[in-house]
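Here is a short walk through one structure. Keep the sequence at hand while you read.

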Amino acid sequence: MAPGLDFSDWWGNKEGTPVVVKMENPSYSVVEINGPDSAFRAVEKSRGKNAKQVTWVLLLKANRAVACVAWLATVFWALLGTIKKRLIFRQGVAVATEKLGKGKLVLQIIRVFLAASLAILAFEVVAYLKGWRYFESTNLHIPRTLDLQGWLHVVYVAWLTFRVDYIAPLIQALSQFCVVLFLIQSVDRLILCLGCFWIKYKKIKPRIEGDPFKSDDVEASGYGYPMVLVQIPMCNEREVYEQSITAVCQMDWPKDRVLIQVLDDSNDESIQWLIKAEVAKWNQKGINIIYRHRLIRTGYKAGNLKSAMGCDYVKDYEFVAIFDADFQPNPDFLKLTVPHFKGNPELGLVQARWVFVNKDENLLTRLQNVNLCFHFEVEQQVNGTFLNFFGFNGTAGVWRIKALEESGGWLERTTVEDMDIAVRAHLNGWKFIFLNDVKVLCEVPESYEAYRKQQHRWHSGPMQLFRLCLPAIIASKIAFWKKANLIFLFFLLRKLILPFYSFTLFCIILPLTMFVPEAELPMWVICYVPVVMSFLNILPAPKSFPFIVPYLLFENTMSVTKFNAMVSGLFQLGSSYEWVVTKKAGRSSESDLLAAAERDSKTMNQPQICRGASETELELLNQLQEQKEATPTPVKKVNKIYRKELALAFLLLTASVRSLLSAQGVHFYFLLFQGLTFLVVGLDLIGEQIS
């Protein structure tokens with residue numbers, strides 16, 4: 001083998017003589033080589049920059065800063081203009097009536113706190129200007145009698161003494177209680193997230209074994225599809241009735257093995273005609289669909305479903321699928337859900353996940369998407385996997401009719417009939433399955449008014465149900481740990497404690513501590529833990545990470561409505577039985593729009609022929625089409641002013657001014673942005689363009 005010749009070490013250690021290479025051709029540059037690697041060394045970043053380049057970089061950064069400041073100034077100026085227009089001159093707005101329980105009482109209490117905070121702030125400002133600064137952080141120094149300067153100083157010192165002896169201990173006790181609840185709820189949220197991570201890591205999910213439609217009967221045709229009843233309850237759903245009926249009628253299931261019930265509780269005759277027309281259209285196409293209308297609308301949705309289940313032909317069906325009027329299931333929905341019942345006689349419910357066609361419509365819909373993604377991805381999936389129990393979402397689910405009947409059927413005693421039947425079925429030993437991979441399109445409310453009413457019903461109903469179900473839970477024969485889960489986790493922690501501590505801690509105690517520094521909340525309660533919890537909440541919707549701060553602030557803002565609703569339901573106040581249908585916008589997905597365009601083009605190119613239709617039926621269809629074309633012009637939306645939110649906005653902004661006197665920077669920014677969030681919501685600006 002030839003010897004290896006490696007001169008790299010010798011060459012690197014040898015100090016080379018500088019060599020100047022000059023070329024006769026002037027287009028070549030002159031290179032001076034001091035060593036073997038000098039030509040290959042990395043060029044320093046700072047090298048080669050001249051003064052002109054630095055100037056341009058600084059100008060670009062200055063331009064970006066000016067653009068950002070200009071944008072903030074524009075938003076601030078627009079906000080001031082909207083405040084002037086809506087709050088002072090009341091143009092195009094109406095004051096929201098306080099019908100939600102003891103709304104007026106809560107408003108009066110907030111106003112008392114606001115008046116007291118303004119008076120104390122004025123007193124503190126005078127004391128600050130006069131130099132009466134007797135406290136550093138939380139240590140209060142009470143001056144001696146000889147140091148008093150006039151009657152105003154005497155009153156101020158008396159206020160300090162009263163504050164330390166009587167007010168601070170009460171606030172400290174309440175804040176410590178709320179902090180304990182806050183930590184318990186945070187631990188529960190963390191455990192749910194860990195359970196979700198475990199499910200993802202182990203790839204745990206319900207699976208269908210073998211061919212689900214293979215018939216066990218040798219003499220049968222070979223495949224067995226169970227009889228399925230599909231129900232679409234609706235009430236005055238002008239915007240969405242057509243797309244929901246269309247989606248359900250296009251589901252892939254044998255036509256002789258399915259019956260679709262359109263349960264219309266509309267009290268508007270024009271809407272009734274439109275829905276009848278849609279049902280008649282699909283009936284002409286051979287779909288087994290019927291229209292039902294109740295003359296007396298009792299029990300709201302529960303009464304509607306109860307009436308439909310009382311029909312004689314229901315006994316021929318084994319399962320029932322329920323879809324609200326804005327839900328659009330995929331054609332394979334029944335084939336992905338019904339097979340889970342085969343070979344599993346204890347299974348009573350299969351729940352699918354919701355996805356939202358309008359989640360990017362505005363800021364409000366984006367924030368709702370964060371909450372609902374966490375609810376389905378984490379809460380429903382973890383409880384369904386490890387406990388086989390969760391709250392039925394009221395739609396996009398398939399029930400075994402036997403489970404409904406053995407659990408007492410639909411009851412009209414609360415506004416959360418879905419949660420009611422789920423709890424009673426759980427007490428009777430039925431199991432539930434949640435399918436995170438089966439998704440059904442629907443809408444979220446696009447206006448704050450609709451969202452507020454929806455949240456009131458969702459948070460007052462569980463408290464009604466808790467009062468009614470508690471004796472049955474205690475007396476039931478299920479395992480003790482299941483009873484504990486129902487009482488302490490399902491009802492108390494997630495339905496009662498969460499809105500209570502959120503409202504009390506961040507909307508009442510925190511601003512009060514600015515005027516009572518002796519009861520100041522620790523930084524980890526105000527900042528660190530809420531940010532971590534918001535981060536966990538937003539994980540199932542990773543595209544919403546830029547909205548983590550607005551999400552945290554908006555959740556604290558919504559705690560007012562949720563707390564009010566919780567109290568209303570717990571003490572059975574009048575508004576806890578109020579049912580308001582959530583307003584829909586009738587949004588469609590991109591695929592739906594393309595399909596509609598294709599249907600319209602086919603309709604234009606081909607004449608419509610209603611085969612098998614009599615002359616009377618054709619005349620009826622023409623009348624229905626005329627009713628559909630005579631759709632009234634939509635009325636311009638009137639924005640609302642929400643007085644509780646506005647009162648809390650001014651309370652928090654007042655507390656932020658007080659925090660400046662104590663040089664509490666983090667408290668100031670939190671109170672300032674939280675107050676501005678309340679102001680935006682109180683003026684009904686969220687989800688709207690500022691004008």
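The tour goes from the sheet to the helices.

This is a predicted model, in which local features need pLDDT of at least 70, side-chain atom pairs count only at pLDDT 80 or more, and totals for chains, interfaces and linings use all residues. Residues are numbered from 1 along each chain as its sequence is written, and side-chain values use heavy atoms, with hydrogens and water left out.

Start with the open sheet. Its 7 strands run in the order 8-7-6-9-11-10-12, with mixed pairing. Strands (E, at least two residues) and helices (H or I, at least four) are DSSP runs, numbered from the N terminus. Two strands pair if DSSP finds at least two bridges between them. Strand 8 (289-293) and strand 12 (431-442) each have a single partner strand, so one side of each lacks a neighbour in the sheet. Inside the order, strand 9 (residues 319-322) pairs with strand 11 (residues 397-400) in the antiparallel sense, over 4 bridges. Phe319 has Arg400 in strand 11 as its bridge partner.

Now look at helix 12 (residues 448-475). Its 28 residues reach 41 Å from first C-alpha to last, close to the 40 Å expected at 1.5 Å a residue. That expected span is 1.5 Å times one less than the number of residues. A kink of about 50 degrees lies at Cys469, shortly before the proline Pro471. The bend is the angle between axes fitted to the seven residues ending at a residue and the seven starting there.
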